[in-house]
Structures are given as structure tokens and as C-alpha cells.
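This report looks at charged side-chain pairs, a loop contact site and some backbone features. Please keep the sequence and the coordinates at hand while reading.

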Amino acid sequence: MNTLILGSGGREHAFAWRIAQSPLCDKLFVAPGNAGTAQVAINLPIGYNDFEKIAEAVISNDIELVIVGPEEPLVKGIRDYFQAREDLKHILMVGPDSHGAMLEGSKDFSKNFMVKYGIPTAKSETFTKDTLQEGMQYLESQKLPIVLKADGLAAGKGVIIALTLEEAQTALSEMLVDAKFGDASSKVVIEEFLTGIELSVFVLTDGNSYKILPEAKDYKRIGEGDTGLNTGGMGAVSPVPFANEKFMQAVENDVIIPTIEGLKKEGINYNGFIFIGLMNHEGEPQVIEYNARMGDPETEVVLPRIESDILALMIATGKGELHEVDFVVSKQHAVTTVVVAGGYPGDYKKGDVIVGYDSVKDATIFHAGTTLDGNLVVTNGGRVMALTGMSNTLERAIQKSQKAAHDVLFEGKYYRKDIGLDVLRY
């Protein structure tokens with residue numbers, strides 16, 4: 001089968017790496033891809049939001065399956081676009097329509113969905129510019145710290161945890177009145193702050209049946225000890241020791257099943273991934289957020305642990321036959337460490353030559369912000385590479401990942417040296 005993956009990050013390289021290994025894989029394309037996907041697939045110089053160019057590429061390359069990596073084309077309705085065209089509606093796609101993608105595209109929609117279907121989550125209220133005063137009064141009645149979330153997509157930056165009332169009220173005003181996050185913060189969800197340990201659970205569904213993929217814990221802060229600014233993710237580990245059988249059973253019964261059933265009741269034929277951001281709050285799962293796609297860098301520890309043929313799973317999902325496919329997960333530990341450009345998540349340089357990756361033998365390299373400059377691999381983003389180590393022990397997986405992160409070299413390189421160390425306590 002000819003397959004197209006949309007996206008250009010570490011997540012998409014991980015998908016391309018696994019799909020290229022499948023005996024079902026004929027030609028594999030990635031749009032726009034990066035220097036890593038170019039090693040295992042054909043990169044197409046097409047933006048993932050350019051639906052017309054994507055459609056042309058699908059037709060001209062006899063592509064039968066499209067896997068959508070990032071959230072933006074899902075929220076913008078790439079599935080709806082394909083379904084509306086007679087010449088494209090037969091193409092298999094893994095990724096929900098724009099209605100289903102609202103789980104990620106609107107915090108207000110997802111919170112209302114959780115409340116409606118009894119899915120455990122922090123209590124919240126939503127406010128707009130017109131109800132700013134009510135929002136200010138609401139803040140006065142709430143416990144601190146408190147969380148403010150931009151309703152729409154804000155590239156992972158639309159969440160503020162306010163420690164004081166003054167900080168919360170200033171943030172609310174900046175988001176609603178000053179449009180701090182543009183249209184994304186035309187609505188703001190004010191949410192109770194939950195304490196506990198975060199983890200991510202991933203579900204693949206064809207709308208009826210589902211597979212629970214390996215869970216993961218990621219590291220969002222730039223600094224060691226979870227300090228400093230939020231990033232797109234500095235590393236991840238899987239499995240997560242505190243996500244024991246009892247906890248995961250509660251996740252399935254209280255979160256996953258009501259979510260799948262709720263989507264059906266809403267008339268949403270959801271086909272694709274559901275990323276469930278969870279808090280282990282006093283031993284019980286609480287949903288922080290949904291995403292309508294796989295996480296990054298979590299994908300770089302989740303996919304290496306799936307022993308089943310990934311392309312077979314994708315085809316079955318697209319066809320609505322997921323229940324017919326075997327699903328096997330390795331018991332090995334996977335740890336990924338992300339190397340980033342100096343200055344990230346603030347201003348950073350692009351175009352620095354990357355060396356040393358040829359010497360990495362004990363880990364898998366997933367390119368993220370890279371591109372080719374002639375024969376040279378150069379930096380092309382804030383998060384440059386994710387280095388994944390696997391082993392029968394968490395300690396050894398950490399060592400493999402960290403050594404690879406140490407060995408990859410470019411000017412200004414930075415990485416966290418504590419990825420996975422907190423999990424060793426469990």
C-alpha cells in the first residue's frame with residue numbers, strides 16, 4: 001500500500017520508521033518531512049495545511065492511506081475535505097473529522113463533553129470578553145493556584161497556572177482583552193488546579209473498537225527538576241510504573257469507554273488517535289485534556305514498544321476493522337531525550353550543522369527540527385532530535401538515551417539530563 005504521512009516532526013519520523021519496516025508498505029511519502037524521514041521515505045515539499053496540494057499528491061502518487069500527524073489539519077477539516085470530494089472519498093485516512101477534532105480544538109467543547117458523559121475532570125467555567133467581569137468575580141471565589149486555558153489551538157502555549165489572584169486576573173484580562181493568544185483566547189476556560197502525577201494514555205479507534213496503546217510520561221519544562229518555561233516536550237518514558245493494572249482499569253472504565261460511547265452519541269464517527277492527558281489524583285484518573293492525535297515526543301517511546309505491524313493497524317483503523325488485528329506490546333522500557341537548539345523555547349538559531357549522529361549505535365534517532373543542506377544535516381527547529389533507548393530495565397534505557405543525546409553535536413545544543421530519573425523512584 002502507498003502511504004502518506006502528514007507532518008515534519010519526531011512523531012512523523014517515528015511513524016515513517018515503523019511503517020517502512022512493514023511488509024505491507026509499498027511506497028511511503030511524508031509531507032513535508034525532515035532529514036530523518038528522507039532516509040526511509042520520499043519527502044514531498046507540501047505544507048500539511050495545503051489540502052489541494054495534498055490531494056494532487058495523493059492522486060498522482062496512487063496513495064491509498066493518509067496518516068495525519070499534527071492537530072492543525074485535523075481541526076481545519078482535512079478529513080471533511082477528502083470526504084467531500086468524489087475522487088478522494090475512498091482514500092483511507094487515520095485522523096478524525098473537524099467535529100471529532102474539536103476534542104482538541106476547543107477546550108470549552110471538550111470540558112462540556114466530559115461533564116455530559118460523566119468523565120472525571122477538574123471543575124471549570126468558560127468566559128469571553130463580554131463576561132470578563134463575571135470571570136474576575138469567579139476567580140475571587142476559587143482556590144489558588146488556578147489554571148487558565150485558551151479555548152483554541154495555541155501551539156501548546158495557551159495554558160497559564162496562576163499562583164495569586166492578581167496574577168490570575170491579569171492573565172484573564174491579557175487573554176480576553178489583549179488577545180494574548182490571538183483567536184485561541186477569545187474564550188478562556190478557568191479550571192481547578194489538580195495535584196498529582198501526570199501521564200498520557202493513547203487510544204487508537206476506528207469509531208467502534210479500540211486499542212489502548214502504551215502509556216507514557218513526558219517532560220514539558222525546559223529545565224531539570226521540571227523548572228523553567230514550558231516546551232513542546234523535552235523527553236518521555238514508557239511504561240509508567242505508577243500506571244498499574246488497577247489504575248489503567250479505572251482509566252478504561254471511567255475515561256476511555258465513556259469517551260468512545262460519548263462520541264458515538266454525539267454522532268461523531270471518530271477514526272484515529274485520542275491522546276488523553278491524565279492526572280493520577282490520589283490514585284484516581286482525572287482528565288486534563290484530550291488531543292486528537294499522537295503526542296510528541298511520546299510517540300518516540302510508544303511506537304518502539306508496539307511489536308505489531310503498525311501499517312496493518314493503520315489500514316484496519318481506516319477500514320473500520322481494528323477489532324480484527326492482533327495487538328502486542330513489548331515489556332521493554334523506552335526512554336527518549338530531546339536535544340534542542342540553544343535559546344529554545346525562546347528565540348533560537350537555525351542552520352547549524354549536526355554531527356556525531358553516525359556514532360549513535362545503541363539508540364534510535366528520530367529527527368524533528370532538521371533539514372538537508374546539500375549532504376549536510378542542519379538544525380531547522382527548536383526541538384532538533386529525539387534519541388530513544390530501549391532495554392529490559394529503565395536504568396539501562398535512560399543510559400542509552402542520554403549517551404546518544406550526549407554524542408549528537410551542534411552549536412548551542414541543550415538537553416535535560418534528568419529524563420526518567422523521577423520514575424526510578426516507583
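Which residues are linked with Glu104 in a network of salt bridges? In this predicted model, the residues linked with Glu104 in that network are Glu71 and Arg293.

**Salt bridges**

A search of the whole structure finds 20 salt bridges, and three of the pairs are set out below with the separation of their closest nitrogen and oxygen atoms.

| Pair | N to O separation |
|---|---|
| Glu191 and Lys149 | 3.0 Å |
| Lys180 and Glu174 | 3.6 Å |
| Lys403 and Asp407 | 2.7 Å |

The salt bridge between Glu191 and Lys149, with its closest N and O atoms 3.0 Å apart, joins two strands: Glu191 belongs to S9 (residues 187–192) and Lys149 to S7 (residues 146–150), so the pair ties together parts of the chain that are 42 residues apart in sequence. Both partners, Glu191 and Lys149, are buried.

The partners in the bridge between Lys180 and Glu174 are each partly exposed, Lys180 having a relative accessibility of 45% and Glu174 a relative accessible area of 29%.

Lys403 and Asp407, by contrast, sit within one element, helix H13 (residues 394–407), where they are four residues apart, or about one turn of the helix. Are these two side chains buried or exposed? Lys403 is exposed, with a relative accessible area of 53%, whereas Asp407 has a relative accessibility of 17% and therefore counts as buried, the cut-off for that class being under 20%. As a general point, side chains of opposite charge can pair when their charged atoms come close.

**The surroundings of Gln332**

Gln332 is placed in the loop between helix H12 (310–319) and strand S18 (333–340), and with a relative accessibility of 27% Gln332 counts as partly exposed. Which residues does Gln332 contact, leaving aside its neighbours within four places in sequence? The contacts of Gln332 are Ser238, Pro239, Arg305, Met390, Ser391 and Asn392. For one of these residues, Ser391, the C-alpha atom is separated from that of Gln332 by 5.6 Å, although the two residues are 59 residues apart along the chain.

Two of the residues in contact with Gln332, namely Ser238 and Pro239, are themselves joined by a cis peptide bond, with omega at about 0°. Pro239 lies in the loop between strand S15 (235–238) and helix H10 (245–265).

**Further backbone features**

A cis peptide bond is also found from Tyr344 to Pro345, where omega is near 10°. Pro345 is located in the loop between S18 and strand S19 (364–367), while S18 is also the strand that bounds the loop holding Gln332.

Where does Asp62, with its positive phi, lie? Asp62, a residue other than glycine with phi near 50°, is found in the loop between helix H3 (51–60) and strand S4 (65–68), and its relative accessible area of 56% makes Asp62 exposed.

Ala179 likewise has a positive phi, of about 50°, although it is not a glycine. The loop that holds Ala179 runs between helix H9 (165–176) and S9, and Ala179 is partly exposed, with a relative accessible area of 39%. Strand S9, at one end of that loop, is also the strand in which Glu191 lies.

Conventions. Residues are numbered from 1 along each chain as its sequence is written. This is a predicted model: local features need pLDDT of at least 70, side-chain atom pairs count only at pLDDT 80 or more; totals for chains, interfaces and linings use all residues. Side-chain values use heavy atoms; hydrogens and water are left out. A salt bridge is a side-chain nitrogen of Lys or Arg within 4 Å of a carboxyl oxygen of Asp or Glu. Buried means under 20% relative accessible area, exposed over 50%, partly exposed in between (1.4 Å probe, protein chains only). Contact means heavy atoms within 4.5 Å.
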